[in-house]
Amino acid sequence: MSNLSFSFAPDVRPLAARLRPKNLQEYVGQQHLLGPGTPLRRAIEAGQLNSLIFWGPPGTGKTSLAELIAGSTAAAIEKISAVTAGIKEIREAIERASNRLQQGQRTLLFVDEVHRFNKSQQDAFLPHIEDGTIIFIGATTENPSFALNNALLSRARVCVLRKISTDDLQQLLQRALADATLNQQFPIVLAPHAAGLLLQLADGDARKMLNLLELAAQSSVDGQIDTGLLKQLVERQLPGFDNQGELYYDLISAFHKSVRGSQPDAALYWYCRILEGGGDPLYVARRLLAIASEDIGNADPRALSLALAAFDTFQRVGPAEGERAIAQAAVYCALAPKSNALYSAFNQMRAFVREQPAFEVPIQLRNAATGLLKELGYGEGYRYAHDEPGAYAAGMIYLPAEMQHLQFYQPTDRGLERQLAEKLRYLRGLDADAASDLGNKPDVD
């Protein structure tokens, strides 16, 4: 009697799963990591690998690459998703790996979304990586520098996976169109511009492209897929965004740098990317408040008032008008004269205060609150500025003696700070004249 068995169950896996590469030749993309002669390619071909962290956007082949590595090393593969697993599942996977090792087989432990594990869960892998029980491969869409423990990072090489290029997506699309399961009823025909739209909608995500193609095939009439059908399936394309993730901070950084660089269109673009991705407009408003003091400062003090007014407007009238008010402030700040003189002076003074001794308050500036303090000379020599010409007590000393030669705030020649710089030079000139006059006075015995 034959021991052969046959499965007549249909292959219900999604198209993306059916098209997973079976070898490196079928793997699409990431040539900077897997091109001929690259270290990772040589290691895979030699079957000699250390632990790895795959960091990249969704749909860039992290899982597929881990499976190919397991196959190249003749290792068993254990898969854990940090979304659903905990310490119990980690221990069970490690125990199975230990049993295999006793029988002479290595285990590749693939942990998807590894950044979702907390510190103690990540630490659970460390001794087993150290003793060789597992070859560890973690996949993450978050920056490992922030999302993973340093101890884990020190035991694994980080490989950065990039978005799949249009050319590589095109190659994968042709392979998908030839898939027998996809075409089991009738050939799939993409209208002239539909392929281009499909690649655009994928935005470097191979899984997204394949899922959309499969959905379009199932929704089509006689296998005809045109741009109208694709637009119906994806009525609104959400720009890439991951709240509180790596891309989130990249977008905020791009917005800040665009405003600092005096580029209003770029500032509006990044702001709208954040809005359309579901970001918080008030986070942008708070960043504008920082920009107004850090990058504009006294070159245009109105920027701080306008940024604050935009924040207040959003809270008072809601998103429709409030988002536009923030856009107004962003454009104003982008075109405002720039100066970081205040920002630099403040930071330098804070550092100076931390590093230097606590110099005494000059006697003339001290508060003579009691008769005893007056007898001790507190406040003696202080000149009330409003009683002086121009409301300025020329030559009056306000800093400790140890600091009188230092100048921290250096206004630029941009915007209002040009006038402030002229005012500061004028006042310093009065001080110099007062000091000169004092030096020329004869001593009186």
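Contact here means heavy atoms within 4.5 Å. These close-ups come from a predicted model.

**View 1. Helix 11 against helix 12.**
Here's a helix pair: helix 11 covers residues 194–202 and helix 12 covers residues 206–219, with axes that come within 8 Å and cross at roughly 135°. That angle makes helix 11 oblique to helix 12, and the crossing is right-handed. For anyone setting up a similar description, two packed helices are described by the angle between their axes and the distance between the axes.

**View 2. Who touches whom between helix 11 and helix 12.**
On the helix 11 side, look for Leu-198, Leu-199, Leu-201 and Ala-202. They meet Lys-208, Met-209, Leu-212 and Leu-213 of helix 12. Sort the contact residues by type and you get 7 nonpolar, no polar and 1 charged. Lys counts as charged, so the charged residue in this set is Lys-208 of helix 12.

**View 3. Strand 4, covered on both faces.**
Strand 4 runs through residues 135–140, and 6 of its 6 residues are buried. One side carries Ile-135, Ile-137 and Ala-139, and the other carries Phe-136, Gly-138 and Thr-140. Whichever side you zoom in on, the residues there are buried.

**View 4. The strands that pair with strand 4.**
Strand 1 (residues 52–55) pairs with strand 4 in the parallel sense, over 4 bridges. To find your way around that pairing, start from Trp-55, whose bridge partner in strand 4 is Thr-140. Strand 3 (residues 107–112) also runs parallel to strand 4, joined to it by 4 bridges. Over there, Leu-109 has Phe-136 of strand 4 as its bridge partner. Thr-140 and Phe-136 both belong to the buried set of View 3.

**View 5. Ser-262, a loop residue with positive phi.**
Most residues other than glycine have a negative phi. Ser-262 goes the other way, with phi near 60°. You'll find Ser-262 in the loop between helix 14 (246–260) and helix 15 (264–276). Its relative accessibility is 30%, so Ser-262 counts as partly exposed.

**View 6. Ala-391, another positive phi in a loop.**
Ala-391 has phi near 55°, again a positive value in a residue other than glycine. The loop in this view connects helix 20 (371–375) and helix 21 (416–440), and Ala-391 lies in it. Is Ala-391 buried or partly exposed? With a relative accessible area of 41%, Ala-391 is partly exposed, because that class takes in values between the 20% limit for buried and the 50% limit for exposed.

Methods:
Residues numbered from 1 in each chain as written. Predicted model: local features only at pLDDT ≥ 70, side-chain atom pairs only at ≥ 80, totals over all residues. Heavy atoms only, no water. Axes fitted to C-alpha atoms, helices over the stretch in contact; angles between N-to-C directions. Helix = DSSP H or I, 4+ residues; strand = E, 2+ residues; numbered from the N terminus. Parallel < 35°, antiparallel > 145°, perpendicular 65-115°, else oblique. Left-handed = near helix turned anticlockwise from the far one by under 90°. Buried < 20%, exposed > 50% of the residue type's maximum accessible area, 1.4 Å probe, protein only. Pairing = 2+ DSSP bridges.
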